[in-house]
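Got your viewer open? Here's a short walk through one structure, stop by stop, with something to select each time.

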Amino acid sequence: VTSISLAAVILACSGGASSAPTTQPAAPESPSAAGSPTPAATAPSAPPTPEHLTFTPGETISADGKAGVFFLDPNTGAADAWVVPAGVGDGVPGLPYTFTIGGVSGDGSSVVYECIEPRPNAAPAIPGPCGGGTAHLWYLLNSPRGSRTRLAAFTGPFVTISPDGRTLLGITPDGVALAGASDPGATHLAPMPQGAGLPIFANWSPDSANVILSTGVNGYPVMGTFLLRVADVRLSTLDVTNPGIDWKSDGSKVALAAQDSRPGALVVFDRKGTRIWSREVDTFNPNPRWSSDGSLLSVQVLVSLPSDSAPSGIYRLDLFDGATGATKYRIAGAIACQDPVWTGDAHHLLVGSYSTAAGSSPTSLIDLVALSVTPLNGYLTPLPFDAAHAVEVDGSSFSLVDLSTGAKTLIAHTTVTPGWDALHANQPRFAGGRIVFTSLHLGHGGCGEGGSPETTPKLQLLQSPFEDDGPVTAGAP
């Protein structure tokens with residue numbers, strides 16, 4: 001079986017953060033921490049206080065025996081991090097302390113996180129909050145100042161923060177609730193329907209006015225999808241099953257594409273949850289992505305089902321008119337099942353391909369103006385704020401790649417096994433013009449990994465009209 005992997009993906013399951021000696025006093029532990037596997041008379045101790053690390057341009061990013069969150073400037077190579085001790089202990093595989101990121105503000109100044117530790121002798125033997133107890137211990141880190149605030153009102157496994165850093169959303173003992181980041185104890189319950197399940201993913205609009213909640217149980221298909229308006233805590237149901245989600249950059253539209261569905265729905269809503277247009281698509285990992293100006297919407301489409309000759313099926317990337325839903329382009333033989341695909345100028349894309357020959361290009365640059373396809377070396381991720389460059393990660397080092405020449409410049413070398421991918425919806429790839437990654441973490445394959453077809457499709461850019469193109473429904477069906 002030949003791999004068609006887009007990259008040897010490093011899963012960023014854990015992200016870190018917190019304070020320096022300027023830490024604010026922690027809020028009282030939540031009463032719901034009762035029922036801990038530790039003795040009832042023993043109060044949970046505070047999670048370890050993270051330390052602040054800084055790295056100058058050209059310095060290797062190293063944090064042996066530590067786990068946390070890292071911020072790397074792609075232009076200078078300077079970086080800083082918030083980490084805790086993370087040596088393997090008690091003969092248990094994995095880390096005694098990991099940090100799970102619930103969300104990061106758009107400028108990177110606010111990080112919501114919790115600390116998790118393995119509980120091999122617990123019943124059940126699953127990870128639990130650092131320091132004992134059963135309630136999740138969430139903190140809000142101010143990364144420039146190094147101060148942290150205990151989010152005592154939020155005791156469940158899910159908390160997130162808006163891009164502007166002003167609003168928290170998470171699970172309290174009373175249900176799903178919103179709170180201001182400046183006063184996290186004053187919560188406002190969201191009217192979630194009975195049986196909707198708990199939130200597991202949050203997709204904030206870039207203007208922080210709305211958030212889409214995907215509810216259910218981690219590891220299983222999403223049970224429900226809801227649009228929550230922050231201003232008046234108004235909830236609307238969005239009737240797209242288990243969708244991939246992406247907001248237009250100004251927050252005026254959002255695209256939802258059903259995952260693993262044939263046929264499935266691709267629907268574009270406005271910020272109030274009203275349908276603008278919809279159409280059927282065959283999908284598995286649709287990865288909807290708006291161009292920077294919102295004129296086009298890319299969606300990975302399943303062209304043919306898995307078969308003996310094509311064990312993983314065959315994909316292509318369709319580009320739809322953002323306003324009408326009409327198909328404008330198809331990129332045959334393209335793989336774009338995760339990660340950003342658009343550069344910052346709205347007419348260039350980076351896609352993977354079905355490559356089996358030695359030395360073949362894993363990534364190609366698509367130019368919609370010149371109608372050209374240019375092979376590039378390496379697995380590349382476009383920079384949303386720089387149309388001329390992309391980032392390559394080889395498992396330890398970050399490099400900046402010039403998209404016009406293919407030239408690579410080392411940003412920084414690391415020894416921390418960086419976790420940097422799109423498989424964690426609540427952790428951004430970039431914040432405040434910097435790369436955000438976590439460590440430590442093990443690696444694993446991504447959505448583009450599987451069996452190549454016996455005859456690999458050619459990567460080519462095609463323009464409309466298409467004889468087999470399906471209809472578009474404007475407004476509500």
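**Stop 1: a five-strand sheet.** This is a predicted model, so keep that in mind as you click around. Start by selecting β21 and strand β22 (residues 296–304): they run antiparallel and are joined by 2 bridges. For a close-up, pick W290 and look across to L297, its bridge partner in β22. Now widen the selection to the whole open sheet, which has 5 strands in the order β21-β22-β23-β24-β35, with antiparallel pairing. At its edges you'll find β21 (289–290) and β35 (460–463); each has a single partner strand, so one side of each has no neighbour in the sheet.

**Stop 2: a four-strand sheet.** Next, colour β25, β26, β27 and β28, which make up an open sheet in the order β25-β26-β27-β28, paired antiparallel. The edge strands here are β25 (334–335) and β28 (372–376), each pairing on one side only. Then zoom in on β26 (residues 348–353) and β27 (residues 363–367), which are antiparallel and joined by 5 bridges. Select V351 and you'll see S364 of β27 standing opposite.

**Stop 3: the aromatic rings.** The structure holds 7 aromatic pairs. Show F385 and F430 first: their ring centres are 5.6 Å apart and their planes sit at 85°, so this pair is edge-to-face. F385 is in the loop between β29 (380–383) and β30 (386–393), while F430 is in strand β33 (residues 430–431), so the pair ties together parts that are 45 residues apart in sequence.

Which of the two is buried, and which is partly exposed? F385 is partly exposed, with a relative accessible area of 40%, whereas F430 is buried at 13%.

Keep F430 selected and add W420: these two form another edge-to-face pair, 5.6 Å centre to centre with 90° between the planes. W420 comes from the loop between β32 (408–413) and β33, and it's buried, with a relative accessible area of 8%. For the wider view, show F70, F385, F398, W420, F430 and F437, which ring pairs link into a cluster.

**Stop 4: charges over rings.** Stay with W420 and add R429, whose charged end sits over the W420 ring, 4.0 Å from its centre. Then jump to R330: its charged end is over the ring of F466, 4.3 Å from the centre.

**Stop 5: a cavity.** How many cavities of 30 Å³ or more does a search of the whole structure find? Just 1, with a volume of about 40 Å³. Select its lining: N210, L227, L228, R229, R234, S236, R271 and K272. By type, that's 2 nonpolar, 2 polar and 4 charged residues. β15 (224–229) and β16 (234–237) each supply at least two of them, and β15 gives the most, with 3 residues.

Definitions and conventions:
Residues numbered from 1 in each chain as written. Predicted model: local features only at pLDDT ≥ 70, side-chain atom pairs only at ≥ 80, totals over all residues. Heavy atoms only, no water. Pairing = 2+ DSSP bridges. 1 Å grid on protein atoms, 1.4 Å probe; cavity = no way out; pocket = protein on both sides within 12 Å on 5 of 7 lines; lining within 4 Å. Points joined across faces, edges and corners; volume = space filled by probe spheres on them. Nonpolar A, V, L, I, M, F, W, Y, C, P; charged D, E, K, R; others polar. Phe/Tyr/Trp six-rings, centres within 6.5 Å; stacked < 30°, edge-to-face > 60°. Buried < 20%, exposed > 50% of the residue type's maximum accessible area, 1.4 Å probe, protein only. Lys NZ or Arg CZ within 6 Å of the ring centre and 35° of its normal.
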